[in-house]
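Okay, thanks everyone for squeezing in. I'd like to walk you through one structure, so have a look at the picture before I start.

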Amino acid sequence: MDYLEYGVLDSYETVKGMLTVDLINRDQNKEFLKGIPRHDMEDLSLIYRIRINGDDNELMADILFTNKMLERYGITPEQLHHDALETAGRKEPLCILTVKEIMERMSDMLGMPALLEIPEQEAEYGFSLYMATNLSGRKGASVIAYPEFMDKASEKLNGDFYIFPSSVNEVMMLPDDGEQNWRNLENVVRGINKDSIPSGEKLSDKVYHYDSRERVFEFAEKYESRKQERTEPGHSVLGDLKAFSEKAEKADQSRQKPKSRPVSSQDVSL
């Protein structure tokens, strides 16, 4: 059924309540991204769709939002971005879970006792991971674009954190304790993508970092470069002033010191 042809989507006010967002890899979808509005986040792109569900919440249509539709509805890309995130956040709210919580939910669904007991203070690498997705778990990686995501995640993870693009359905997060090496983390992501993620669900081989103090989302490699620049000694105005002051003080002392007079024969008494 052509919903546009039959006038179902004539009103943007109606469309606005059906908007949602997906996150895909920009470099892997260059042709697909031509002619559609998008919001870029490093090598990822947020795209917009109209999802129509039936009375039983069964998906009836999934329509890609195009630049022609922007013209049809007379809206800007900025308005579309704002409205789509607002609707998606309301219909598919953000979920941030620990590995322990994920296991507990799986156990409840299967009607089984806890699969693994994890102490509350467990600090092992695997159990300091968190997962972020939406309520349905479908195309949930897009939650990283939600306006509240970075603040809520940094609060839950107690500061800076790394983001692993697990798949288009979710992302994994790891608190930044200052000990991780971004190259090692990306090797892990590449291995998982190669061995465990279906090609249609792969998001990226990159690892991302969120700097909660500067409020910057970026490649982990970029963050490490910025951190290195902050710690390396560089040009300092205060240092220049101190050096100038010391030089001026030495020159002043030199001027005040009495000059010695050459010894003549008249000064020598026999």
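Let's begin with one residue, T98, which sits in strand β5, residues 94-98. Keep in mind that we're looking at a predicted model. So is T98 buried or exposed? Its relative accessibility is 17%, and because buried means under 20%, T98 counts as buried. If you skip the neighbours within four places in sequence, T98 is in contact with L129 and Y130.

Now zoom out to the sheet. Strands in a sheet pair through backbone hydrogen bonds, either parallel or antiparallel. Here we've got 6 strands in an open sheet, and the order goes β5-β6-β8-β7-β9-β10, with antiparallel pairing. Our β5 is an edge strand, and so is β10, residues 216-219; each of them pairs on one side only. On average, neighbouring strands in this sheet are turned by 25° against each other, ignoring direction.

Let's pick one pair. Strand β7, residues 161-167, runs antiparallel to β8, residues 170-175, and 5 bridges join them. In that pair, S167 stands opposite E170. Then there's helix α6, residues 182-196, which packs on the sheet and touches β7 and β8. The direction of α6 makes about 15° with that of β7.

Last stop, the nonpolar cores. The largest one has 47 residues, and F149 is among those that touch the most other members. Strand β3, residues 44-53, gives this core its largest share, 5 residues. A second, separate core has 14 residues, including M172 and W182.

And what does F149 touch, sequence neighbours within four places aside? Its contacts include L94 and I96, plus F161, I163 and M173.

Note on methods
Residues numbered from 1 in each chain as written. Predicted model: local features only at pLDDT ≥ 70, side-chain atom pairs only at ≥ 80, totals over all residues. Heavy atoms only, no water. Helix = DSSP H or I, 4+ residues; strand = E, 2+ residues; numbered from the N terminus. Buried < 20%, exposed > 50% of the residue type's maximum accessible area, 1.4 Å probe, protein only. Contact = heavy atoms within 4.5 Å. Pairing = 2+ DSSP bridges. Axes fitted to C-alpha atoms, helices over the stretch in contact; angles between N-to-C directions. Core = buried A, V, L, I, M, F, W, Y, C linked by side-chain atoms within 4.5 Å.
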